[in-house]
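Here are my notes on this one, jotted down as numbered points. Have the structure open while you go through them.

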Amino acid sequence: MPGFGALPDVESIRIYEYGRLPKRTLKAGAAAATEFALPAERMPRLLDQGEIGACVAFAMVEVLEVLHYIETGQRVALSPGFLYGHHRDEKDDSWGMVASDAIDRLRQLG
């Protein structure tokens with residue numbers, strides 16, 4: 001029986017350990033941020049994937065919608081079903097997507 005959702009990913013050079021990233025030092029007397037909030041217009045929609053097992057496609061569509069809004073100032077509603085159905089390799093035989101593979105396919109195919 002096929003699994004649902006995000007498939008286990010392989011190690012990637014794009015995956016970083018937070019503790020190893022260079023940190024910006026604060027200027028003398030400056031306080032470190034204690035919280036962070038996204039502006040309401042940049043919040044992604046909350047969507048229900050049901051029993052499709054396409055959480056990666058749903059998440060990526062929301063990221064693309066927010067990036068489109070930042071670039072153009074206009075909200076669009078993209079299709080997670082299109083992304084899930086058209087951005088999987090021909091060899092995919094289970095439900096779900098590997099996040100890094102989906103990102104690579106988006107870069108290749110748009």
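1. Let's start with a glycine. Gly73 sits in the loop that links helix 1 to helix 2. Bear in mind that this is a predicted model. With a relative accessibility of 48%, Gly73 falls just into the partly exposed class, because exposed here means over 50%. In space, the C-alpha of Gly73 is 9.6 Å from that of Glu41, although 32 residues separate the two in sequence.

2. Now the overall layout. The protein chain has 3 helices and 0 strands, so the pattern along the sequence is simply α-α-α. How much of the chain is buried? Of its 110 residues, 22% are. As for contacts between residues at least 6 apart in sequence, 55% of them join residues at least 24 apart.

3. The helix pair to look at is helix 1, residues 55–72, against helix 3, residues 99–109. Their axes are 10 Å apart and the packing angle is about 45°. That angle lies between the 35 degrees limit for roughly parallel and the 65 degrees where roughly perpendicular begins, and the two helices are therefore oblique to each other. The crossing is right-handed.

4. Which residues make that contact? Helix 1 brings Val56, Met60 and Leu64, and helix 3 brings Ala99, Ala102, Ile103 and Leu106. By class, this contact comes to 7 nonpolar residues, with no polar and no charged ones. The spacing fits a general point: an α-helix has 3.6 residues a turn, so residues three or four places apart point the same way.

5. On to the core. The largest nonpolar core counts 11 residues: Ala54, Val56, Ala57, Phe58, Met60, Val61, Leu83, Tyr84, Met97, Ala102 and Leu106. Helix 1, helix 2 (80–86) and helix 3 are the elements that each give two or more residues to this core. Helix 1 supplies the largest share, 5 residues. Val56, Met60, Ala102 and Leu106 appear in this core and also in the contact between helix 1 and helix 3.

6. Leu106 deserves a closer look. This residue of helix 3 has a relative accessibility of 16% and therefore counts as buried, the cut-off being under 20%. The C-alpha atoms of Leu106 and Met60 are separated by 9.5 Å, with their positions 46 residues apart along the chain. Besides Leu106, the buried residues of helix 3 are Ser100, Ala102 and Arg105. Helix 1 and helix 2 are among the elements covering the buried residues of helix 3.

7. Is Glu62 buried or exposed? This helix 1 residue comes out at 5% relative accessibility, which means it counts as buried. Leaving aside residues up to four places away in sequence, Glu62 touches Pro44, Arg45 and Leu47. I'd put those partners on screen alongside Glu62.

8. Last, another glycine. Gly85 lies in helix 2, and its 52% relative accessibility makes it exposed, because the limit is 50%. The C-alpha atoms of Gly85 and Ala57 are 9.2 Å apart in space, and the two residues are 28 apart in sequence. Ala57 is one of the residues in the largest nonpolar core.

Methods
Residues are numbered from 1 along each chain as its sequence is written. This is a predicted model: local features need pLDDT of at least 70, side-chain atom pairs count only at pLDDT 80 or more; totals for chains, interfaces and linings use all residues. Side-chain values use heavy atoms; hydrogens and water are left out. Axes are lines fitted to C-alpha atoms, for helices over the stretch in contact, and angles run from 0 to 180 degrees between N-to-C directions. Helices (H or I, at least four residues) and strands (E, at least two) are DSSP runs, numbered from the N terminus. Angles under 35 degrees count as roughly parallel, over 145 as roughly antiparallel, 65 to 115 as roughly perpendicular and the rest as oblique. A crossing is left-handed if the near helix is turned anticlockwise from the far one by less than a right angle, and right-handed if clockwise. Contact means heavy atoms within 4.5 Å. Ala, Val, Leu, Ile, Met, Phe, Trp, Tyr, Cys and Pro count as nonpolar, Asp, Glu, Lys and Arg as charged, and the others, Gly among them, as polar. A nonpolar core is a set of buried Ala, Val, Leu, Ile, Met, Phe, Trp, Tyr and Cys residues joined through side-chain atoms within 4.5 Å. Buried means under 20% relative accessible area, exposed over 50%, partly exposed in between (1.4 Å probe, protein chains only).
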